Amino acid sequence: MGLRKRSNRRRCAFYAGDLSDAYVTMTTTCPTCSDEYDKLGNHFQWRPDHRPELSDRQHGIIDYLILRGATVRDENAKSRLEVYSTSEAWITDVSDTLGWVAGDPWVQQSASDVADRSSRRYNVDVAVDDCSDLWAFTTVPHPSLDYGGPTDVEELRPLTLRLLVSTVGEWVGLLFGSLHLDVRGWDVSGDHLRGLLSKRGVPTAEHNGDGYAEDSPTCRYHYDDDVVVVPHYDALELLDSVGLSLSDVAEPITFQN
Ligand SMILES: [Zn+2]
């Protein structure tokens with residue numbers, strides 16, 4: 001996924017309002033008894049023995065959503081997540097992959113509502129064409145979703161790292177370049193992400209005290225603290241360890257410009 005898509009996604013402000021009034025009914029199949037329920041969370045309330053633990057795969061995706069910026073709601077001592085995106089394809093993919101723990105996505109705000117709201121908030125004329133529908137889904141309440149924020153993600157699972165790199169990873173500097181993980185606009189800070197990578201043995205560029213990191217042909221600095229830079233050879237190892245290749249994070253090299 002290249003920079004172009006990301007900047008499109010950021011053209012409009014994200015709606016950060018309260019979803020509780022708009023709680024949408026969803027029909028989900030209980031993974032234990034295979035019956036269908038409008039609100040699986042209510043069923044689990046009555047039959048806690050039907051509520052499975054989250055799988056490693058579900059945990060990996062949820063950690064990624066927390067780093068990215070999901071809202072955690074406490075309900076009846078159990079938490080659920082609210083997830084927003086302007087990409088229908090992305091949100092459908094994520095909720096499908098999460099399985100029983102996620103409800104179906106819906107349009108939380110239409111593109112024209114987003115344009116109106118942004119125009120009012122920033123007192124500028126925001127065109128509908130520059131906005132996208134805002135999609136959302138919520139998960140069922142579950143005790144394993146009790147996150148206080150991105151710092152509660154204390155280690156990077158391989159799947160979380162793979163999703164993170166494939167979403168925000170960008171190869172900068174052609175053949176001898178380095179990997180930039182741009183988490184500006186995410187909930188996780190660059191500092192916390194550097195710590196998480198360090199725990200996995202992945203070094204990142206160090207700042208020299210003047211606000212600049214090391215700058216060399218294999219490690220291109222970035223002025224923003226929330227852009228984490230993994231030097232060339234470590235970046236190649238990192239990509240390999242999560243099953244990605246250079247072409248997943250780099251624009252194809254062409255000589256037409
Ligand atoms: Zn059941």
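**Exercise A: around one helix**

Task: Work out what covers the buried residues of H6.

Solution:
- Step 1. Keep in mind that you are looking at a predicted model. Now find helix H6, which spans residues 158-168.
- Step 2. Pick out its buried residues: Thr-160, Leu-161, Arg-162, Leu-163, Leu-164, Val-165 and Val-168.
- Step 3. Look at what lies over them: the cover includes H3, E7, E8 and helix H9 (246-249).

**Exercise B: building a sheet**

Task: In what order do E7, E8 and E9 line up in their open sheet?

Solution:
- Step 1. Start with strand E7 (residues 169-172), which pairs with E8 in the antiparallel sense over four bridges. To see one spot in this pairing, find Trp-171, which stands opposite Leu-179 in E8.
- Step 2. Now hop to strand E9 (residues 227-230): E8 pairs with E9 in the antiparallel sense, again over four bridges. Here His-180 has Val-229 in E9 as its bridge partner.
- Step 3. Put the pieces together, and you get an open sheet of three strands in the order E7-E8-E9, with antiparallel pairing.
- Step 4. Check the edges: E7 and E9 each have a single partner strand, so one side of each has no neighbour in the sheet.
- Step 5. Add the twist, which averages 30 degrees from one strand to the next.
- Step 6. Finish with helix H8 (residues 232-241), which packs on the sheet and touches E8 and E9. The direction of H8 makes about 70 degrees with that of E8.

**Exercise C: a covered strand**

Task: Which residues of E8 sit on each of its two faces, and are they buried or exposed?

Solution:
- Step 1. Count along strand E8 (residues 178-182): five of its five residues are buried.
- Step 2. Sort them by side. Ser-178, His-180 and Asp-182 are on one side, while Leu-179 and Leu-181 are on the other.
- Step 3. Conclude that both faces of E8 are covered.

**Exercise D: into the core**

Task: Which members of the largest nonpolar core touch the most other members?

Solution:
- Step 1. The core holds 53 residues, and the best-connected ones are Leu-65, Val-83, Leu-164 and Leu-181.
- Step 2. See who supplies the core: helix H3 (residues 56-68) gives the largest share, with six residues.
- Step 3. Check the domains, too. At least three core residues come from each of domain 1 (3-152) and domain 2 (158-245).
- Step 4. Zoom in on Leu-65. Leaving out residues up to four places away in sequence, Leu-65 touches Ala-70, Leu-81 and Val-83.

**Exercise E: two positive phi angles**

Task: Find where Ser-34 and Asn-123 lie, then decide why they count as they do: exposed or buried?

Solution:
- Step 1. Ser-34 sits in the loop between strand E1 (28-29) and strand E2 (36-37). Its phi is positive, about 65 degrees, although Ser-34 is not a glycine.
- Step 2. Asn-123 is in the loop between helix H5 (111-122) and strand E6 (134-138). Asn-123 isn't a glycine either, and its phi is positive at about 55 degrees.
- Step 3. The cut-off for exposed is 12 or fewer other C-beta atoms within 10 Å. Ser-34 has 7 C-beta neighbours inside 10 Å, so it counts as exposed. Asn-123 has 7 such neighbours as well, so Asn-123 counts as exposed.

**Exercise F: an in-between case**

Task: Why does Asp-93 count as it does: buried, exposed or partly exposed?

Solution:
- Step 1. Locate Asp-93 in helix H4 (residues 88-98).
- Step 2. Buried needs 20 or more neighbours and exposed needs 12 or fewer. Asp-93 has 13 C-beta neighbours inside 10 Å, so it counts as partly exposed.
- Step 3. For one more distance, go to Pro-105, twelve residues from Asp-93 along the chain: their C-alpha atoms are separated by 9.9 Å.

**Exercise G: the whole chain**

Task: How many helices and strands does the protein chain have?

Solution:
- Step 1. Tally the secondary structure: nine helices and nine strands.
- Step 2. Of the 257 residues in the chain, 34% are buried.
- Step 3. Take the contacts between residues at least 6 apart in sequence; 66% of them join residues at least 24 apart.
- Step 4. Check the confidence: the mean pLDDT is 83, with 81% of residues at 70 or more. Over residues 1-25, though, the pLDDT is below 50.

Notes
Residues numbered from 1 in each chain as written. Predicted model: local features only at pLDDT ≥ 70, side-chain atom pairs only at ≥ 80, totals over all residues. Core = buried A, V, L, I, M, F, W, Y, C linked by C-beta atoms within 7 Å. Domains from an automatic or database assignment. Contact = placed C-beta atoms within 7 Å. pLDDT = per-residue confidence, 0-100. Pairing = 2+ DSSP bridges. Axes fitted to C-alpha atoms, helices over the stretch in contact; angles between N-to-C directions.
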